[in-house]
Each structure stands twice: as C-alpha cells, then as structure tokens.
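Here is a short report on how some helices and strands fit together. Look at the structure first, then read on.

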Amino acid sequence: KKNILVFGNNELMFQTMYRLFFKGFKIQHSNHILKDVHKDGILKENLETIFDNKIEEEIKSFIKRWVSIKHVEICYQLVKKEILKNIILQNNYENLFENYFKKNCNKKTFVACNFPRSPEHLAIKRILNKYKSKLISFQHGVTREISEISDFYSILDETLIADIVFSYNNH
C-alpha cells in the first residue's frame, strides 16, 4: 500500500490527499510524530565548541563589515544561536524521521508538504533521499518570490528541495 506523510496543509494539498485517500493511499499527518523533536542533548555542547573554535573569527570578520565594532559580539551571538538552533532541529528531525521510516514506511512512501524551507523539511528530504522516496510540494501562488509574506524565507526561494512541485492560485 502506498503511504503519504503530510506536513502542513493548503487547499490543493487537501483536495489531492482527499482523492488519493479514496484511491487506497494510507495518509498520515506529521503532527503525531513530532512530539519529541526539541531535545538538545550533547549535540548542542559539541556544536558550540566547534563553532567557537573553528568558525567564530570568520563570522566576526564578516559581521565587522556591516556593523560598528561595539555590536559585533552581540550580532555574532545572535547568528550563532540561530544557526545552532537550526542545526540541532534538523538533526533531531532526521533522527525522528529515520526511526519513523524504519517502522512505518516502504519504497512507495512519499511526503507532501507546503513550500519546503525549514530544518524539518531539510531533514525529511535527507531521509527521503536515503530511502529513494519523493518530496512533493504543494504551493499556493505563482511563485514565492512575489509573495510579501515570504520575506523571511526569501533566501531559500532559490533552493527548492522538492522532487515534484504543484503550484496553484485563484487566477
């Protein structure tokens, strides 16, 4: 039986999953498997050490080009915190998805999501690649680049990781 793991929702995804369900697909939403994803563990300590010993000077030299000297340390700490948070999240999601796939999925499993852009999506894509499965994106609108809402994610608009993309709008 074909399995579909769903992240998020929108009208196109909802209608597609509805039809696939009645064609015999097993559809599961990701909410029930994401409960324990925010455990940091030893990874955070190791990453902070690597970050401070190997990357700090490079990042600070870049930051110095953009802010006054008195703000460099504050900016560095903010950048470090955000990067570490995303690395840890992606690692935790990868472990979670790996365990989930081993128990619940087969070669016919694929994942449906909105625009894939987060540590969660990057993690699931790595696991899907390992199992030779597909990531299918259902996006509202012509492109994310013209959406004012997506400013936070604009850096990722050029790095779509989905294997198949469905896009729609009302026009």
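In this predicted model, helices α3 and α4 touch through many side chains. From α3, the residues in contact are Asn-86, Leu-89, Gln-90, Tyr-93, Glu-94, Phe-97, Glu-98 and Phe-101. They meet Pro-119, Glu-120, Leu-122, Ala-123, Ile-124, Arg-126, Ile-127, Leu-128 and Lys-130 of α4.How is such a pair described? Two packed helices are described by the angle between their axes and the distance between the axes. Here the angle is about 40°, and the axes of α3 and α4 lie 8 Å apart. An angle from 35 to 65 degrees counts as oblique, so α3 is oblique to α4. The crossing of α3 past α4 is right-handed.

Next come the strands. Strands β1 and β3 pair in the parallel sense, over 4 bridges. Within this pair, Leu-5 stands opposite Val-111 in β3. Which way do the residues of β3 point? Phe-110 and Ala-112 point one way, while Val-111 and Cys-113 point the other way. All four of these residues are buried.

Helix α1 has a buried side. Its buried residues are Met-13, Met-17 and Leu-20. Seen down the axis of α1, they fall within an arc of 65°, so they line one face of the helix. Phe-14 and Arg-19 are exposed on the other side of α1.

The elements named above run as follows.

| Element | Residues |
|---|---|
| Helix α1 | 11-21 |
| Helix α3 | 72-104 |
| Helix α4 | 119-130 |
| Strand β1 | 3-7 |
| Strand β3 | 110-113 |

Methods. Residues are numbered from 1 along each chain as its sequence is written. This is a predicted model: local features need pLDDT of at least 70, side-chain atom pairs count only at pLDDT 80 or more; totals for chains, interfaces and linings use all residues. Side-chain values use heavy atoms; hydrogens and water are left out. Buried means under 20% relative accessible area, exposed over 50%, partly exposed in between (1.4 Å probe, protein chains only). Helices (H or I, at least four residues) and strands (E, at least two) are DSSP runs, numbered from the N terminus. The arc is that of the directions from the helix axis to the C-beta atoms. Two strands pair if DSSP finds at least two bridges between them. Axes are lines fitted to C-alpha atoms, for helices over the stretch in contact, and angles run from 0 to 180 degrees between N-to-C directions. Angles under 35 degrees count as roughly parallel, over 145 as roughly antiparallel, 65 to 115 as roughly perpendicular and the rest as oblique. A crossing is left-handed if the near helix is turned anticlockwise from the far one by less than a right angle, and right-handed if clockwise. Contact means heavy atoms within 4.5 Å.
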